Amino acid sequence: MSEDLTLVAENKCFGGWHRRYRHASAAVNCAMTFAVYLPPQVAAGAKAPVVYWLSGLTCTDENFMQKSGAMRAAAELGLILVAPDTSPRGEGVPGDPEGAWDFGLGAGFYVDATQQPWARHYRMHDYVVNELPAVVERAFPATGRRGIAGHSMGGHGALVCALRNPGRYGSVSAFAPITNPMEVAWGRKAFGHLLGPDRAAWAAWDACALIADAPERLPLLVDQGDADGFLCDQLRPEALAAAARQAGHPLDLRLRAGYDHSYFFIASFIDDHLRHHAHALVE
C-alpha cells in the first residue's frame, strides 16, 4: 500500500533536490505527504544517511524545508533530510472536537493512539519509526543509518522515538521539545484523547519517564531559547535535565539567551544540529 510515491513538487537547491511526495499509508490509513532533500552527493551516485525531522503543532512537512535553512548544511555534509507531516489528514480523519489548534489535524503528537475515534488514523509513531523509513530506504539511495530531530511537539516526538527504539537511530536532537508532556496542558489534552485516562499508559510516551529505563544511552542534544513564551508552562527543559542526571543519561542542554520558539531560533542553530548528526552518521 505504501509503495507508490506521487511526486507533488520539486526544486533544485544547493546542488541537490527538494521534493514533496504523496503516498498511501497503511500505518495511518490515509494519504500522507512528506518532503525529502537529496544532497548533491546522491545525484553523483553516492548513498547518504537520513535525518528525519518532526515538526511542531500546526505545522506540515513544508515549514522545516522552507524556513530552517537546513539544506545548505545538508548539502555540505551529505545528509538526506526527510520531513513528514505532523498528523494524518483527509476525509474521515477526526480533528479536535472543539476545533482548537493544539490537538488533532496538525497535532498528532507522534504517538500510537489506543482510543476511538483516534486509533484508526493517529498512529504517527508507527508511521515515523517504521513505515516512512521503509518507504524512504526503498525509494532513495539511503545508507540505512538514521538520525532523528524535531521542534516542540516534534522535539517530543524525536526524543520518544529514539528512547523507545534502541538501535534504530544513530543520533537524536531537539529544539524546544515538550519534554514532559504528561505534566503539561498540551500533553494532557492530547494523551487524554489519544491514550485514554490511564496515566500509566501516558508514561510510555513521555521522555522524562522513558529516560530512566532507556536500554541505550544515545546522547541527547537539546537547544532551548530562554525567551520562549512556552518555556515554563509547556516545555519544562529542567524536568528533562533532572531525569537525565538521575539516570546518568548523556544530555547536552543549551539555553540560548534571547531566542524564542520560532524558526528564526531553529535557523540560527540548525547547522550545529546537522553537524551533530553527521558526526554520528556519515562514515
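Biologist: By class, how many nonpolar, polar and charged residues does the lining of the largest cavity have?

Modeller: A probe the size of a water molecule, rolled over the atoms, reveals where empty space remains. In this predicted model, local features need pLDDT of at least 70 and side-chain atom pairs pLDDT 80 or more, whereas totals for chains, interfaces and linings use all residues. Numbering starts from 1 along each chain as its sequence is written, and side-chain values use heavy atoms, without hydrogens and water. The lining of the largest cavity (points of a 1 Å grid over the protein atoms alone where a 1.4 Å probe fits but cannot get out; lining residues have an atom within 4 Å of a point) has seven nonpolar, one polar and no charged residues.

Biologist: Which residues line the largest cavity, and what is its volume?

Modeller: The lining comprises Val51, Trp53, Phe64, Leu81, Ala149, Ile270, His273 and Leu274. The volume, the space filled by probe spheres set on the points, is about 40 Å³.

Biologist: Which element gives the largest share of that lining?

Modeller: Among the DSSP runs (helices H or I, at least four residues; strands E, at least two), α11 leads with three residues. Both β4 and α11 give two or more residues to this lining.

Biologist: How many cavities of 30 Å³ or more does the structure hold?

Modeller: There are two. The second largest has about 30 Å³ of space and is lined by Leu159, Ala162, Leu163, Glu216, Leu218 and Leu220. Helix α5 (residues 153-164) contributes most to that lining, with three residues. By class, five of the lining residues are nonpolar, none polar and one charged.

Technical notes. On a 1 Å grid over the protein atoms alone, a cavity is a set of points where a 1.4 Å probe fits but cannot get out, and a pocket is an open set with protein on both sides within 12 Å along at least five of seven lines; lining residues have an atom within 4 Å of a point. Ala, Val, Leu, Ile, Met, Phe, Trp, Tyr, Cys and Pro count as nonpolar, Asp, Glu, Lys and Arg as charged, and the others, Gly among them, as polar.
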